[in-house]
Amino acid sequence: MVFKVDDVYESYFDKNDVKPYVFKRKIDEGGYKKHRITNFDYNTNKAYIQDFENQKDTTVAFSNVQDMLSSFYYLRNQDVKHMEKGDEIAIDMFMDSQIYPFKLRFLGREVLKTKFGKINSLIFRPLVQSGRVFKAQESVTIWITDDLNKIPIKMKADLSVGSLRAELEAYKGLANDFKKS
């Protein structure tokens with residue numbers, strides 16, 4: 001079965017401490033739809049969720065959370081120089097009016113052969129929720145550049161309906177030099 005996927009995610013967060021302020025999610029995956037806007041109020045520590053599909057508003061208490069997109073930037077700013085195989089970074093991720101514990105496990109370092117040359121990379125495995133999309137809790141592996149940019153350069157995932165492989169095709173406007181081995 002093949003169906004059209006039209007997903008849009010937006011995140012607005014503080015660039016210094018990576019606190020999310022607004023998270024927008026509008027998805028249409030073969031008829032499965034969600035359209036939600038979440039506003040994070042740090043004065044009250046409450047998230048206000050507007051659910052446009054179900055015509056329902058919800059309020060959820062939170063502390064120290066990241067949304068789906070801000071979590072990537074938060075994790076990119078973590079000091080990984082001294083991480084050892086098996087070490088984990090834990091955060092609470094806010095999604096769909098709920099808070100999910102999220103862990104990123106460090107698997108080691110590898111020199112990847114890419115279209116840009118040999119790149120030193122860090123390998124991580126996010127512990128994802130199995131079921132609807134992913135086959136198992138540990139079915140995704142991500143390689144990021146082992147430099148100041150920490151760019152995702154490769155990803156592999158075992159899905160419920162097959163597998164996914166993605167590699168960086170292009171880059172521009174990096175804050176730091178792209179290091180090659």
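Which residues does K150 touch, not counting residues up to four places away in sequence? Here are some notes to help you find your way to that and to the charged pairs around the chain. Please keep in mind that this is a predicted model.

1. **The surroundings of K150.** Start in the loop between β10 (140-145) and β11 (152-159), where K150 is found. Leaving aside residues up to four places away in sequence, K150 touches R76, N77, Q78, V80, I144 and T145.

2. **What the side chain of K150 reaches.** K150 is buried yet has no salt bridge. The nearest side chain of opposite charge is that of D79, 6.0 Å away, and a salt bridge needs the nitrogen and the carboxyl oxygen within 4 Å. Two backbone oxygens are worth finding on your screen instead: that of Q78, which the side chain of K150 reaches at 2.5 Å, and that of R76, which lies 2.9 Å from a polar atom of this side chain.

3. **R25, another buried positive residue.** R25 sits in strand β2 (residues 20-29). Its relative accessibility is 9%, so R25 counts as buried. The side chain of R25 makes a polar contact with the side chain of D96 at 2.6 Å. Among the other residues that R25 touches are V8, Y9, K34, H35 and R36.

4. **K34 and D96.** Have a look at D96 from the other side, too: K34 forms a salt bridge with D96, with 2.7 Å between the closest N and O atoms. This pair links distant parts of the chain, since K34 belongs to strand β3 (residues 32-41) and D96 to the loop between β7 (88-95) and β8 (98-114), 62 residues apart. K34 is buried, at a relative accessible area of 15%, whereas D96 counts as partly exposed at 21%.

5. **K103 and E88.** These two side chains meet in a salt bridge of 3.6 Å, N to O. K103 is in strand β8 and E88 in strand β7, so the pair ties together parts 15 residues apart in sequence. K103 is partly exposed, with 38% relative accessibility, and E88 is partly exposed as well, at 34%.

6. **E167 and R165, and the wider picture.** E167 forms a salt bridge with R165, where the closest N and O atoms are 2.4 Å apart. E167 counts as partly exposed at 38% relative accessibility, while R165 counts as exposed at 52%. Elsewhere, salt bridges with shared partners join R25, K34, R36, D51 and D96 into one network. The structure holds 10 salt bridges.

Methods
Residues are numbered from 1 along each chain as its sequence is written. This is a predicted model: local features need pLDDT of at least 70, side-chain atom pairs count only at pLDDT 80 or more; totals for chains, interfaces and linings use all residues. Side-chain values use heavy atoms; hydrogens and water are left out. Helices (H or I, at least four residues) and strands (E, at least two) are DSSP runs, numbered from the N terminus. Buried means under 20% relative accessible area, exposed over 50%, partly exposed in between (1.4 Å probe, protein chains only). A polar contact is a pair of N or O atoms within 3.5 Å; within protein, one must be able to donate a hydrogen and the other to accept it, and residues adjacent in sequence count only if both atoms are side-chain atoms. Contact means heavy atoms within 4.5 Å. Lys and Arg count as positive and Asp and Glu as negative; His and the chain ends are not counted.
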